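Okay, thanks for squeezing me in. I'd like to walk through one model today, mostly from the point of view of its empty space. Have a look at it first.

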Amino acid sequence: MKIFELNQTLTMILDFSLWPLIHIIIGYVGARIPSKYFEKDVWPYKKSVIEMEGKMYNFLGIKKWKNILPDGARFVDRNGFPKKKLASLEEGYIQKFIIETRRAEFVHLIHLPFLIIFFLFNPLFGDIIMIIYTFFMNCPCIFAQRYNRIRLMKVLDHMKGTKS
């Protein structure tokens, strides 16, 4: 239900300008949250039963499309941690990579409630487009972070000689 009645041109300008602004601000803020807040394997980052140790993501064909996803880490912070590929098998690096998958997941999860802003001025058709956009721009990235984290945690457990 829209609250503000805007003409179609202004609505489209807001739709096309607010999302990039939201993405940049959330990414910028997320990159500056201390790593200590992402160190623990707690909800919502903890793997769930439905993920079946990552098999759910294989079912979704993640290996075919995850490499085309952008990595915004360096876009919002020139010292951002790149997550496109594994650069080392050192335990400390893998632990840092796991932390950064949680940070990236957090950033993409935080985008979801911002969808409500667009309900204030878009007509129903615009709301539907915004819902589709929001989920298709964030869920694949969330899935990739979760998939990578499950795999990295297995590697880390193997290195430590433990089982998750």
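So, to start: which helices each supply at least two residues of the lining of the largest pocket? Those would be α1 (8-31), α4 (73-76), α5 (91-111) and α7 (124-160). Before I go further, keep in mind that this is a predicted model.

Let me back up for the overall layout. The chain has 7 helices and 0 strands, so reading along the sequence you just get α-α-α-α-α-α-α. The C-alpha trace spans about 60 × 35 × 25 Å along its principal axes.

Back to that pocket. Its volume comes out at about 850 Å³. There are 36 residues lining the largest pocket, and P70, D71, G72, A73 and H108 sit closest to its centre. The biggest contributor is α7, which gives 8 residues to the lining. If you're thinking about the chemistry of the wall, the split is 17 nonpolar, 11 polar and 8 charged residues.

Now the runner-up. The second largest pocket has about 340 Å³ of volume. It has 13 lining residues, and the ones closest to the centre are M12, D15, N122, I129 and M130. Two helices, α1 and α7, each put in at least two residues here. What gives the largest share of this lining? That's α1, with 6 residues. By class we have 8 nonpolar, 4 polar and 1 charged in the lining of the second largest pocket.

What about closed-off space? The structure holds 1 cavity of 30 Å³ or more, and the volume of that largest cavity is about 50 Å³. The lining is made of D41, Y45, K46, K47, E51, R146, R149, I150 and M153. How does that set divide by class? You get 6 charged, 3 nonpolar and no polar residues. For anyone who wants the general idea behind this kind of search, rolling a probe the size of a water molecule over the atoms shows where empty space is left.

Okay, on to packing. I picked out one helix pair, α1 and α5. Their axes come within 10 Å and cross at roughly 145 degrees, and the crossing is right-handed. On the α1 side, the contact uses W19, I22, H23, I26, G27, G30 and A31. From α5 come R103, V107, I110 and H111. As general background, an α-helix has 3.6 residues a turn, so residues three or four places apart point the same way. Keep that in mind when you look at the numbering in those two lists. In terms of class, the contact of α1 with α5 has 6 nonpolar, 4 polar and 1 charged residues.

A quick word on α7, since α7 gives the most to the lining of the largest pocket. How far does α7 reach from its first C-alpha to its last? The span is 53 Å over 37 residues, close to the 54 Å expected at 1.5 Å a residue. Right after α7 comes G161, with a positive phi near 75 degrees.

Last bit: backbone oddities. The usual picture is that most residues other than glycine have a negative phi, and most peptide bonds are trans. Where do we depart from that? The peptide bond from W43 to P44 is cis, with omega near 10 degrees. P44 is in the loop between α1 and α2 (55-59). M52 is the other one I'd flag: it has a positive phi, near 50 degrees, without being a glycine. M52 also belongs to the loop between α1 and α2. And if you go back to the cavity, its lining includes Y45 and E51, so have those up on screen when you look at this loop.

That's what I had. Happy to rotate the view if anyone wants to look at something again.

Note on methods
Residues are numbered from 1 along each chain as its sequence is written. This is a predicted model: local features need pLDDT of at least 70, side-chain atom pairs count only at pLDDT 80 or more; totals for chains, interfaces and linings use all residues. Side-chain values use heavy atoms; hydrogens and water are left out. On a 1 Å grid over the protein atoms alone, a cavity is a set of points where a 1.4 Å probe fits but cannot get out, and a pocket is an open set with protein on both sides within 12 Å along at least five of seven lines; lining residues have an atom within 4 Å of a point. Grid points are joined across faces, edges and corners, and a volume is the space filled by probe spheres set on the points. Helices (H or I, at least four residues) and strands (E, at least two) are DSSP runs, numbered from the N terminus. Ala, Val, Leu, Ile, Met, Phe, Trp, Tyr, Cys and Pro count as nonpolar, Asp, Glu, Lys and Arg as charged, and the others, Gly among them, as polar. Axes are lines fitted to C-alpha atoms, for helices over the stretch in contact, and angles run from 0 to 180 degrees between N-to-C directions. A crossing is left-handed if the near helix is turned anticlockwise from the far one by less than a right angle, and right-handed if clockwise. Contact means heavy atoms within 4.5 Å. The expected span of a helix is 1.5 Å times one less than its number of residues.
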